[in-house]
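Let's work through a few exercises on how the parts of a protein model touch one another. Keep the viewer open and try each task before reading its solution.

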2 protein chains.
Amino acid sequence: MSEVYAVRRGLLRDRCAAVGSAAALVSRPANVHYLAGGAPPGAVLLLGPDEDVLLCPRPPTGDLAEGRTDERLRVDRLSVTGGDPVVAAADLAASHGAESLAVEEHDLTVARHRAMGAVAPKLRLADLGVTVEQLRIVKDEEEIGCLRIAAEITDQALGELLESILVGRTERHLALELERRLVDHGADGPAFATSVATGPNSGRGRHRPSDRRVEEGDFLSVRLGANYRGYRCEIGRTFVIGTAPADWQIELYDLVFAAQRAGREALVPGAAYRDVDRAARQLLDSAGHSEGLTPRTGHGVGLEIDEDPQLAPDAMGKLDACVPVTVEPGVHLPGRGGVRIDDTLVVRPEADGGPELLTITTKELLAL
Amino acid sequence: MSEVYAVRRGLLRDRCAAVGSAAALVSRPANVHYLAGGAPPGAVLLLGPDEDVLLCPRPPTGDLAEGRTDERLRVDRLSVTGGDPVVAAADLAASHGAESLAVEEHDLTVARHRAMGAVAPKLRLADLGVTVEQLRIVKDEEEIGCLRIAAEITDQALGELLESILVGRTERHLALELERRLVDHGADGPAFATSVATGPNSGRGRHRPSDRRVEEGDFLSVRLGANYRGYRCEIGRTFVIGTAPADWQIELYDLVFAAQRAGREALVPGAAYRDVDRAARQLLDSAGHSEGLTPRTGHGVGLEIDEDPQLAPDAMGKLDACVPVTVEPGVHLPGRGGVRIDDTLVVRPEADGGPELLTITTKELLAL
């Protein structure tokens with residue numbers, strides 16, 4: 001169980017050695033979590049040359065302090081640094097004879113990078129780039145298990161909301177209630193800020209819940225997800241409030257539903273990211289909704305809610321099996337509202353039954 | 001009303017000119033908010049040479065898109081960049097003839113800094129340092145007004161919780177309920193993750209709420225705050241559950257209360273940061289609690305929940321009037337729990353009545 005982290009660090013060590021660095025410093029929190037089984041606030045991970053050390057700016061509290069994460073946090077040593085742990089790491093690496101240290105230049109600020117150079121002027125600072133992010137794209141079955149539980153929790157929270165009375169309640173309150181229900185069902189927290197959008201706001205991807213109240217005849221779109229042991233999933237659904245959807249609502253819903261299904265069906269190992277995007281996008285495009293489409297129709301999920309791959313027109317690369325992604329096309333008509341349908345799925349070979357749908361709440365157009 | 005932002009940008013422009021840069025790029029979100037009246041996700045602010053431009057990676061949504069923040073967001077121009085807005089800003093500054101551009105090296109990553117250099121190789125990138133953070137330390141009365149409302153909301157949320165039944169409920173649920181009540185009373189959201197700590201967890205500054213349930217005889221410590229129009233305050237209180245606190249609980253409470261009062265009373269214009277810290281700290285030290293004390297006993301608040309000044313033993317500087325700070329000493333006894341008392345106050349001259357207490361919930365030891 002704890003060996004999985006040592007294996008991951010071994011893979012990273014191999015990649016570093018291949019580019020001539022015997023030591024690496026990982027500072028991006030999700031990357032630290034991936035390699036060490038946990039990431040106390042501000043902690044960074046120094047790999048090699050002699051040992052793997054988790055450096056923390058202050059003593060960890062909670063589970064970690066009480067040893068309750070022994071199973072999950074496995075490094076050779078934990079060091080409390082007081083000051084900035086990246087500076088302490090540069091000092092430590094230099095004092096152990098490292099000549100070069102690969103760092104995450106996309107995460108480290110210029111000021112911290114400079115402070116590392118000042119404390120260890122002979123240490124050459126190389127760029128680790130997005131090596132760890134690349135390792136994270138394909139998930140193992142334990143990670144997928146966490147995502148599956150996150151999705152179950154999310155479906156439960158959403159299902160309960162649908163049974164309650166919605167008319168007259170504000171977007172803000174509905175969003176808070178969804179977040180409370182996520183935690184009730186065992187989430188460590190929401191995976192991201194829950195979005196509830198009603199009427200003219202509906203169908204917007206990242207609408208911030210307002211004080212607008214749900215009215216008869218509204219579209220209601222929600223987007224939420226649970227964080228379970230660090231793993232984050234996402235679901236988005238659009239409903240109609242009242243007994244009879246208007247014709248334009250049914251038409252728009254059917255269109256987005258068809259686009260989302262096309263995107264889901266394009267999820268096969270070996271498919272180009274841009275082809276998955278196009279599968280979902282072209283239906284909306286040809287229906288005249290190319291204006292105002294989001295720049296991508298899906299993305300990877302895992303320890304962050306927004307990871308590679310990006311399912312977008314200019315994305316480079318192909319899907320592998322065991323990559324969890326969202327498929328989330330939507331259309332928003334200014335002043336009227338819109339529809340967004342969003343699932344989290346895992347890419348699987350055809351022989352294994354094709355893409356595994358994690359978020360199973362119905363995608364029929366429900367009138368609530 | 002909107003001129004306040006132009007005045008702030010004028011001050012920053014003067015400081016830049018003084019160090020030889022006709023243009024500056026502000027990327028830290030709270031700094032962008034301070035200078036532009038709002039900060040859409042990922043937006044950066046380019047000051048000069050000819051105009052002040054807010055560069056956004058994608059079209060802003062919500063209030064901003066619908067022009068509802070006209071009163072609050074005032075720049076010369078808003079530009080949607082598609083790619084990374086700091087790169088677009090470097091390009092724009094160079095094309096307008098700027099020779100040097102001051103950037104926030106403590107915010108920009110090495111990778112973004114390099115990308116700016118690549119797009120505008122003749123542009124000299126200087127360091128703006130924490131110039132904007134320094135401008136932010138002393139607040140104007142409008143900012144203090146926002147903090148005052150944030151504190152009122154926080155007091156209301158906490159007051160309601162105290163009227164409800166606590167025994168048997170989990171830390172996690174109490175924290176969620178507090179956050180819901182903050183929003184009920186008009187907060188834009190919690191100012192930071194609400195902490196609820198019971199029994200052996202109590203008294204820890206940043207305890208993450210767990211599934212532990214409140215029990216008779218527990219200390220219960222809470223730490224919460226509202227975000228109102230971007231301004232964030234903080235309150236911390238410790239209660240005892242049941243009818244009769246134990247002697248050790250009363251003794252510890254009285255000690256922390258005295259330390260917190262000493263800290264509050266030390267808040268006068270001209271007082272050294274470290275002297276305020278010492279006023280609170282020395283009572284705890286001399287009672288034998290120097291082990292495990294937090295490294296600081298307070299800090300500034302404003303657009304971020306943790307700003308300068310730092311009230312700590314090695315902090316350099318002196319308090320000005322109109323600086324809002326927290327005073328929050330605490331003691332945690334491993335295995336038993338502890339006490340933390342935390343207020344947000346504004347430094348005011350003696351002639352104006354001394355420090356203005358924003359968070360007014362009682363600090364008597366309540367038995368709930």
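**Exercise 1. Find how many residues each chain brings to the contact between chain B and chain A, and how much area is buried there.**

Solution. Keep in mind that this is a predicted model.

Step 1: Start with the residues. Chain B brings 21 residues to the contact, and chain A brings 21 residues.

Step 2: Turn to area. The size of an interface is often given as the accessible area lost when the parts come together. Between chain B and chain A, about 2000 Å² is buried, and carbon and sulfur atoms give 53% of this area.

**Exercise 2. Find the salt bridges and polar contacts between chain B and chain A, then describe the side of chain B that touches chain A.**

Solution.

Step 1: Two salt bridges are found across this interface. To see a salt bridge, look at A:Arg114 and B:Glu105, whose side chains meet with an N to O distance of 2.3 Å. The pair qualifies because the cut-off for a salt bridge is within 4 Å.

Step 2: Twelve residue pairs are in polar contact between the two chains, with both residues at pLDDT 80 or more.

Step 3: On chain B, helix 4 (110–119) and helix 7 (171–184) each supply at least two residues of the side that touches chain A. Helix 7 of chain B gives the largest share, six residues.

Step 4: Sort the residues on that side of chain B by type: six are nonpolar, five polar and ten charged.

**Exercise 3. Now stay inside chain A and work out how domain 1 and domain 2 meet.**

Solution.

Step 1: Set the bounds. The domain assignment gives domain 1 (3–135) and domain 2 (138–357) in chain A. Their C-alpha centres lie 34 Å apart.

Step 2: Look at the contact. Eight residues of domain 1 of chain A touch eight residues of domain 2 of chain A. About 670 Å² is buried between these domains, with 44% from carbon and sulfur atoms.

Step 3: Three salt bridges are counted between the two domains. In chain A, the side chains of A:Glu304 and A:Arg28 form a salt bridge at 2.9 Å, N to O.

Step 4: Which helices of domain 1 of chain A give two or more residues to the side that touches domain 2 of chain A? They are helix 1 (3–18) and helix 2 (29–36) of chain A. Helix 2 of chain A provides the largest share, three residues. By type, this side of domain 1 of chain A has four nonpolar residues, one polar and three charged.

Terms used: Residues numbered from 1 in each chain as written. Chains lettered and ligands numbered in written order. Predicted model: local features only at pLDDT ≥ 70, side-chain atom pairs only at ≥ 80, totals over all residues. Heavy atoms only, no water. Contact = heavy atoms within 4.5 Å. Buried area = accessible area lost by both parts, 1.4 Å probe. Polar contact = N/O pair within 3.5 Å; in protein donor to acceptor, adjacent residues only side chain to side chain. Helix = DSSP H or I, 4+ residues; strand = E, 2+ residues; numbered from the N terminus. Nonpolar A, V, L, I, M, F, W, Y, C, P; charged D, E, K, R; others polar. Domains from an automatic or database assignment.
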